[in-house]
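Reader: Could you take me through this protein chain, with the reasoning behind each answer spelled out?

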Amino acid sequence: MLTGKHLIAGAWVAGSEVFSSSPVTGEPRQFAAGGPAEVDAAVKAAEAAFAAYAATSREERAVFLERIATEIEARGAEITEVATAETALPTARLEGERGRTTGQLRLFAAHIRKGEYLDVRKDAALPDRAPLPRPEIRLIQRPIGPVAVFGASNFPLAFSTAGGDTASALAAGCPVVVKGHPAHPGTGELVAQAIDAAIKACGMPAGVFSLVQGPSRELGEALVRHPLIKAVGFTGSLGGGRALFDLCAARPEPIPFFGELGSVNPVFVLPAAHAARGEAIAKGWAGSLTMGVGQFCTNPGLVLVMDGAGADAFIATAEAALKDVAPQTMLTDGIASAFATGAEKIASTGAAKARLTGTCPARQAAPHLFETTGAQLLANPALTHEVFGPLGIVVRVKDKEELARIAESFEGQLTVTLQMDDGDVELASSLMPVLERKAGRILANGFPTGVEVCDAMVHGGPYPASTNFGATSVGTMAIRRWVRPVSYQNLPEALLSADLR
């Protein structure tokens, strides 16, 4: 049952202000709209819980994470029902995302049980070393304190209330305060109820998790400015993320802002692969471009092909495939409006020819396809800006030298894809030193939509793909964002944690 309230330190709290949800189906619901007062209460509760929670054993936290997963599964049908109404995402997609969410929680439980993330080191004392003796020094990673997490619009489960940021922070030993995304407040509350049940079942401090809801910018700003918050996790737009990043840097005590901000995820179709299977690549690209109405941060919005008859055929095949895709409902009215505006901006540059456009009725989007040349792309950086939705641009590249210049021109990306065959190895090898500096993940002969949650995954990249190129928001390495190394010199074992003894 939905309460429409915030969860703050184990209590469901109403507020003087409310906002309405905007479901695709069903009646809108009223939810408490938080502000600085609710943020202050939640963050102070997180700080009060920090010492006790950071002192829990890895096994205790692992059991806690697993219990959260179990509680989410117990509410699975209700979560799917509410999330479908709020987001228009199909049942199968939401059930898959719920599985990813619970899988992440269990993956981090297994990860912290191993203890490898602690990076424990010990340099023994050398009392007889000349000219100076060496003290005993030990090192371990320790949790940093309360973490703020912003729910994402496009993943109401896997990147929101109990998503990867929350799971990795709790695994590290950090209390979490989540700002729920106003696009799916009911979904966020149901997941918060699962976390609350796990807190009580496992005897964790009440302040270890709080959910504060609301649509206002003031709410998010209050959260990142709170002096007790020590880091922020965010998945969303470049504009919103950059504004929060600047707030974090401008604090009296600057804190890290781990923002995943999206990219155009270019696909390089190299000549041998194009000659051998250009039609299949074009159809696969069209399918990836329109998956989930293009509402993935890894959506491949730009594809580069060598000019000529092969490019003509590639564009014709992609256009035919995209024509078969009907308009679909987007996650929010705002996202649909931004998509329409983005498509208009691409058209208004005059640097790209429209091959396929469509009307965007209320909250819906139809596939859009443009074509341009490598010279136009290099002269018009606006063509490389992300349009969140099913919009793709095919770039006709004159030769290998122009292809290399285009690769050099790209800003940071989450992904870069190489469609290649054996005959393309030499060209691909020449591009690799550039692409490794541009992206967090490089793929061969696939499409970037879909991010595997595993030890080796990097979901991040150089700015503007993310605000911290050394981090990832997916995979077990995500835990590194919420810990810092501490050295202990000549301390008696009685003062050291069990993991360091």
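The questions and answers that follow concern a predicted model, and they go from domains and cores to single residues.

Reader: Which residue ranges does the domain assignment give to domain 1 and domain 2, and how far apart do the C-alpha centres of the two domains lie?

Author: The domain assignment of the chain builds domain 1 from the segments 6-19, 29-261 and 466-500, while domain 2 covers 266-444. Between the C-alpha centres of domain 1 and domain 2 the distance is 34 Å.

Reader: How many residues does each domain bring to the contact, and how much area is buried between domain 1 and domain 2?

Author: Domain 1 brings 11 residues to the contact and domain 2 brings 12 residues. Carbon and sulfur atoms give 63% of the area buried between domain 1 and domain 2, and that area is about 840 Å².

Reader: Which three residues supply more than any other three of the area that domain 1 buries against domain 2?

Author: The share to look for is 42% of the area that domain 1 buries against domain 2, a contribution that no other three residues exceed. The residues that supply this share are S153, N154 and E260.

Reader: How many salt bridges, and how many residue pairs in polar contact, are found across the interface of domain 1 and domain 2?

Author: Across the interface of domain 1 and domain 2 the salt bridge count is zero. For polar contact, with both pairs at pLDDT 80 or more, the number of residue pairs across this interface is two.

Reader: Which residues have the most contacts inside the largest nonpolar core, and which helix gives the most to this core?

Author: The largest nonpolar core has 52 residues, and those with the most contacts inside it are F64, F209 and W482. The element that gives the most to this core, with seven residues, spans residues 185-202 and is helix α6. A second core, separate from this one, has 41 residues, including L89, L270, L304 and I406.

Reader: How many salt bridges are there by this rule, and which parts does the pair of E73 and R106 tie together?

Author: The rule gives a count of 26 salt bridges, and in the one between E73 and R106 the closest N and O atoms are 2.8 Å apart. Both partners are partly exposed, E73 at 39% relative accessibility and R106 with a relative accessible area of 31%. E73 lies in residues 58-74 and R106 in residues 91-114, so the pair ties together parts that are 33 residues apart in sequence, namely helix α2 and helix α4.

Reader: Where do D246 and R242 lie, and how far apart along the helix are they?

Author: D246 and R242 form a salt bridge whose closest N and O atoms are 2.8 Å apart. D246 is partly exposed at 35%, and R242 is partly exposed at 34%. Both residues lie in helix α8 (residues 238-250), four residues apart, or about one turn of the helix.

Reader: Are E319 and K323 buried or exposed, and which residues are joined with them into one network?

Author: The salt bridge of E319 with K323 has its closest N and O atoms 3.6 Å apart, and because the two residues are four places apart in helix α10 (residues 309-323), about one helical turn separates them. With buried meaning under 20% and exposed over 50%, E319 at 13% is buried, whereas K323 at 54% is exposed. Salt bridges that share partners join these two into one network with D307, D312, R355, E371 and R396.

Reader: Where is R251 found, and which backbone oxygens does its side chain reach?

Author: R251 is found in the loop between α8 and β11 (257-260), and R251 is buried, with a relative accessible area of 7%. Leaving aside neighbours within four places in sequence, R251 is in contact with V224, R225, H226, P227 and I229. Polar atoms of the R251 side chain lie 3.1 Å from the backbone oxygen of I229 and 2.7 Å from that of H226.

Reader: Is K122 buried or exposed, and how far is K122 from E38 in space?

Author: K122 has its place in strand β5 (residues 121-123), where, leaving aside neighbours within four places in sequence, K122 is in contact with E136, I137 and R138. Its relative accessible area of 51% makes K122 exposed. K122 and E38 are 84 residues apart in sequence, and their C-alpha to C-alpha distance in space is 43 Å.

Note on methods:
Residues are numbered from 1 along each chain as its sequence is written. This is a predicted model: local features need pLDDT of at least 70, side-chain atom pairs count only at pLDDT 80 or more; totals for chains, interfaces and linings use all residues. Side-chain values use heavy atoms; hydrogens and water are left out. A nonpolar core is a set of buried Ala, Val, Leu, Ile, Met, Phe, Trp, Tyr and Cys residues joined through side-chain atoms within 4.5 Å. Buried means under 20% relative accessible area, exposed over 50%, partly exposed in between (1.4 Å probe, protein chains only). Domain bounds come from an automatic or database domain assignment. Contact means heavy atoms within 4.5 Å. Buried area is the accessible area (1.4 Å probe) that two parts lose on being put together, summed over both. A salt bridge is a side-chain nitrogen of Lys or Arg within 4 Å of a carboxyl oxygen of Asp or Glu. A polar contact is a pair of N or O atoms within 3.5 Å; within protein, one must be able to donate a hydrogen and the other to accept it, and residues adjacent in sequence count only if both atoms are side-chain atoms.
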